[in-house]
Amino acid sequence: MFWWYFFLFILGLQLGSFINAFKYRLHIGQSVWRGRSYCPHCHHLLSGWDLIPVVSFLMLGGRCRYCRQPIGWHYPIVEIVAGVLLVLIWGFTADLFLAIFYSIVFLALLAVAEYDLKHYLISDKVLAFCLVISLSFLINQSLAANNFFVWPDSIFLSGLMAALASGLFLGAIHLLTRGRGMGFGDVKLVFIIGLIVGWPSIILAVFLSFLIGAIIGLILVASKKKRMKEVIPFGPFLVLGGLITALWGSQIINWYLSLILW
Ligand SMILES: [Zn+2]
C-alpha cells in the first residue's frame, strides 16, 4: 500500500512538472506538445537532470544551471501539490472510474488555479478540456447505470443541474458587481465544478469556496500582504472547494446534519 501511494506521489510530481511547462507555454502562446523544455531566462535547453521534479530544484539551489537566474518557488510547489492531489484522490475515492476522472479534471483545474493566481486569468482552453472530459464521464456513467433521464439518480442530470444553478448564481454576482466581484472566468469555472460534484453537493462546494476565500482574504489583509480593495483571484478557492466537496462532501454534510439535528 505504501509503495502504491509512493508511486502515485512520484507520478503526481511528474505531472505537476508537466503542468508547469504547459502553463508557461500557454502563457507565451507556444505549442505545448512540440519542442523540449528550456530556461525562460537564458533559453538554454534543459537536460534530463534539470527536469527531475523538486530534486533538481533543490540540487540547483533554486537557480538555472546555466545562467544562475532564480527559478521560482511555484515550480516545486505545483509539483508537490500535484503529488499530494493524486494521493488524496486515490486514498479517498472508492470507485476506480471516479478516481481516474477526478485525477484528470483536478490536475487540469490545478493548472487553472495556478494560472489564475499568477495571471488573474482563467484559461478557456483548459476549461474546454475539462468540459469535454466531465460531460463524457457523466453521460457514460448515467448510460451505464441506465438512468440517463431519471431524476435524482442520474449523475448526468445531477451534474447539469449543479452546473446551471451555480453558473446562474455566480453569473448573477458577476452582473450585479459589474465583473468587479466575480470575473466571467469564475462563472465558467463553477459550471465545470458543478458538473464534477453534482447536485446538491455544489452548494457545499460554493459555500466552502466563499468561506476559504474570506478567511484567506482576511489573513492577507491583516498581514498587510494585500490591501482591502486589491483583487484576490477566486478561481483557486473554487477549485479547492470543489476538491474538498468531491472527496469529503458527504462526510461534511452528514457531520453538519448531525450537529443541527441533535
Ligand atoms: Zn537559464
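How many residues of domain 1 are in contact with residues of domain 2?

**Entry 1, ground rules.** I noted that this is a predicted model, where local features need pLDDT of at least 70, side-chain atom pairs count only at pLDDT 80 or more, and totals for chains, interfaces and linings use all residues. Residues are numbered from 1 along each chain as its sequence is written.

**Entry 2, domains.** I looked up the domain assignment, automatic or from a database, and found domain 1 (1–92) and domain 2 (123–262). Their centres, taken over C-alpha atoms, are 27 Å apart. Four residues of domain 1 are in contact with four residues of domain 2; contact means C-beta atoms, placed from the backbone, within 7 Å. On the domain 1 side, helix α3 (residues 74–92) gives the largest share, three residues. Helices here are DSSP runs (H or I, at least four residues), numbered from the N terminus.

**Entry 3, helix α9.** I checked α9 (residues 235–261), which has 27 residues. Its end C-alpha atoms are only 33 Å apart, against the 39 Å of a straight helix at 1.5 Å a residue; the expected span is 1.5 Å times one less than the number of residues. I then found a kink of about 80° centred on W248, the bend being the angle between axes fitted to the seven residues ending there and the seven starting there.

**Entry 4, V197.** I turned to V197, in helix α7. V197 counts as buried because it has 27 C-beta neighbours inside 10 Å; the cut-off for buried is 20 or more other C-beta atoms within 10 Å. Among the residues V197 touches are G242, T245, A246 and G249, and these four are also listed among the buried residues of α9.

Key. Contact = placed C-beta atoms within 7 Å. Helix = DSSP H or I, 4+ residues; strand = E, 2+ residues; numbered from the N terminus. Buried ≥ 20, exposed ≤ 12 C-beta atoms within 10 Å, placed from the backbone. Lists of a residue's contacts leave out its neighbours within four places in sequence.
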